[in-house]
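Please consider the model below with attention to its charged side chains and to its backbone. The paragraphs that follow proceed from individual residues to their surroundings.

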Amino acid sequence: MSPAPFEYIESLRIGTVDFVSPDEIKVALDIEAPESVALNAGGPRPFPRVNGYVLIPVDDGYLVGQIEWLTVERSAFPKRRGMQDFGLVDLPYPLRKMSLNPLGTLRKTSTKPEQERYAFRRGADALPSIGTGVLLPTDEQLRSIVESGERKRVKIGTSPLAGNAEVCIDPDRLFGRHLAVLGNTGSGKSCSVAGLIRWSLQSALAIRNAQPNCRFIVLDPNGEYSRAFEDAKPPVKARIFKVRPGKGDKALQVPLWFWNSAEWSAFTNATVRTQKPILQNALRLRRNAVSAGGNESVVSAIIVYLQGAASSIRQEISNNSPFAATNDGRYWRFIELLKSISASLSSLSEKEDAPVELINTLVEAINELKDVKSKNDRNYNKPFEYGDVDAVVTVLGETIATLGGEPETPLPLSEDTPLSFRGEDLLTDLDFLATNSGNRQWFEFFLTRVRTMLSDTTLKSIVGDQVTISLGEWLSTYVGSEQLDEGSIVVIDLSLVPSDVIHILTSVIARIVFESLQRYRSINGLSLPTVLVMEEAHTFIKRYSGDGEHFDGAAVCCQVFERIAREGRKFGLGLVLSSQRPSELSPTVLSQCNSFLLHRISNDQDQKLVHSLVPDNLKGLLRELPSLPSQNAILLGWASELPLLVKMNDLPKSQQPRSDDPDFWDVWTGVKPRPAKWKPVVDDWQSTTSDLKATEPE
């Protein structure tokens, strides 16, 4: 005969409450309570166990408590349940105590006596009173604590602290509000990230029974993730982009005309007050020239040049340079500007298809002003008359209008509009505008930096003029096409990208993805869910000083991800960060992550940061961080009803990212031959061969 309900509950009792506060409950364990293994809850179970779960009856349910610590105290008097034998002398007995963190409430959802169904909800409606019994949860109650919650669609592992109950997540919560995967190198971060992508796609495929409409974009600076998806079939098979593509890979292309003015400024180290305005003007003029249909024509180049010349003269007029007193010499700099414009126009007139008559008219007007006024006495206070200078500006404007340009009205397009142009054309524009500025010597390094990029063999293959992909083709290839026939994963291998541009290219890719999704929602009214994964996030999303006016490539890259972290959810862009140094991450980005998957963390600064992410009464589980074995992690935040210790699902070797530890001993002893052949490395590094292909290690 089965025991009555109250008898069964009494058999699960292990102690009584003797201290209650909103964030801590202390329990005195009964002498008869299990000391290592509990056998009365449906199966053998370790008890007592730090971070395990117990129940306390409250109102119409149970308060779930997580064990934070255990101790033994000497009792001042015997405390033994049941009948007392007054013929014996009871001596004080060591009393075991434990502290609980209240997590939430467990309530029964089934009204049928033979069915045991429960639902867990965070938060406590009521706290127990002193003397309330503390119970072991049954297997069904333990599973309900871990498995409760809506839309648990993707299984990622099991919970060792809850009888290996399944740990499932809601992708909307995990990816929609940003996820940070943190832990030491070798703790299993990369495998967890690869697994989350794979398991999510497989679950979606099982429901839809067709190619899922998913998009995962992995920015991989170490080249680890190619192996994780290369042998799979859609949707898990990835499109892999590399600097030097191998068999089945595609060439990485991020055209330089994708770059906005902030990225160009960071790459060229443009000074804020002098060089950056010239750069922005050149970009604006070039993009508007392209918009007008004159990407490569001589007339277009002349329009761009004349617009820059007119802008330079107007700037000098606003600075009062042509009319200043001669003791500061400013008007002589204006004369040098006129000389520069005259010389540049003369060289332009020699080009094929150039409008020679218009150019000659301009040259005559400028030379007349320059030659007459240059002969004036240097003590003359006003070397130039306003009417003379205005006449030259007017002639410039009329010439620009004759050629089809806009002389004075604001240019319709921003300097950041992604319209295709050639790097050589931009360099020509920069050269013209720098010369016209009257401070040509300040732009030499600036221009050399651009020339170096345009001539570098590796960079030319990524950003150069021979990259002919359009913006629409790039989005279809790198973000995802409408047909969904090439899989749902894109891996962008950044491992061979030159170090001086890797932050810029990462910034460009992330920004283009984000801004394209912004416009998608603006046009369609609905977002297009996409997940952007950033491996080694502490390198690319590193905290920076915002006090100065100049930002380098790393700061610009971080700013892009900060914007994605703040606004990405609104436009369907989820962010997954993987990092071994969370203390170096941007606080702005980290504060926007609502879910965390924490692997082993040993560094005290990183631990301190992680502890600050959770409420004080839930930090007990985090004390296991320094000793977590590989493949184990702590899931907390929006994606989980409560902090959980998770053993992640197994990934076969062929599905794991290439992040194995080096085989020192096997190489030393010859078990794995590894000759040091440097010629292929040197050839690849120096680009001495034109058809080098990336090769995988044996």
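R153 is partly exposed in this predicted model, with a relative accessibility of 48%. Its salt-bridge partner is D170, and the closest N and O atoms of the two are 3.7 Å apart. The pair links distant parts of the chain, 17 residues apart: D170 is found in the loop between β11 (165-169) and α3 (171-176), while R153 belongs to the loop between α2 (139-147) and β10 (154-159). In contrast to the partly exposed R153, D170 counts as buried, at 3% relative accessibility.

Beyond α3, the chain enters the loop that leads to β12 (179-182), where H178 is located. The phi angle of H178 is near 75 degrees, a positive value in a residue other than glycine. Most residues other than glycine have a negative phi. H178 is buried, at 2% relative accessibility.

The structure holds 22 salt bridges. One of them joins R13 to D30, with the closest N and O atoms 3.6 Å apart. R13 lies in strand β1 (residues 13-21) and D30 in the loop between β2 (24-29) and β3 (37-38), so this salt bridge ties together parts that are 17 residues apart in sequence. R13 is partly exposed, at a relative accessible area of 23%, whereas D30 is buried, at 10%.

A further salt bridge is formed by E68 and R623, whose closest N and O atoms are 3.2 Å apart. The two residues are 555 residues apart and link distant parts of the chain, with E68 in strand β6 (residues 61-74) and R623 in the loop between α20 (604-611) and β20 (632-637). E68 is buried, with a relative accessible area of 17%; R623 is exposed, with a relative accessible area of 52%.

Salt bridges also form a network, which links E263, R511, E515, R563 and E567. Of these residues, E263 is among the buried residues of α6, which leads to the helix itself. How many of the eight residues of α6 are buried? Seven are, and the helix is therefore mostly covered. The buried residues are S261, E263, W264, S265, A266, F267 and T268.

Both ends of α6 deserve attention. At the N-terminal end, N260 acts as a cap, with a side-chain oxygen 3.2 Å from the backbone nitrogen of A262. Just after the helix, N269 takes a positive phi of about 55 degrees. N269 is placed in the loop between α6 (261-268) and α7 (275-291). N269 is partly exposed, with a relative accessible area of 36%, whereas H178, the other residue described above with a positive phi, is buried.

Not every buried acidic residue described here has a salt bridge. Which side chain of opposite charge is nearest to E536? It is K189, 6.2 Å away; E536 is buried yet has no salt bridge. A salt bridge requires a side-chain nitrogen of Lys or Arg within 4 Å of a carboxyl oxygen of Asp or Glu, which means that a separation of 6.2 Å does not qualify. E536 lies in the loop between β17 (530-534) and α17 (537-540). When residues up to four places away in sequence are left aside, E536 touches P221, N222, S578 and Q580.

Notes. Residues numbered from 1 in each chain as written. Predicted model: local features only at pLDDT ≥ 70, side-chain atom pairs only at ≥ 80, totals over all residues. Heavy atoms only, no water. Helix = DSSP H or I, 4+ residues; strand = E, 2+ residues; numbered from the N terminus. Buried < 20%, exposed > 50% of the residue type's maximum accessible area, 1.4 Å probe, protein only. Lys, Arg positive; Asp, Glu negative; His and termini not counted. Contact = heavy atoms within 4.5 Å. Polar contact = N/O pair within 3.5 Å; in protein donor to acceptor, adjacent residues only side chain to side chain.
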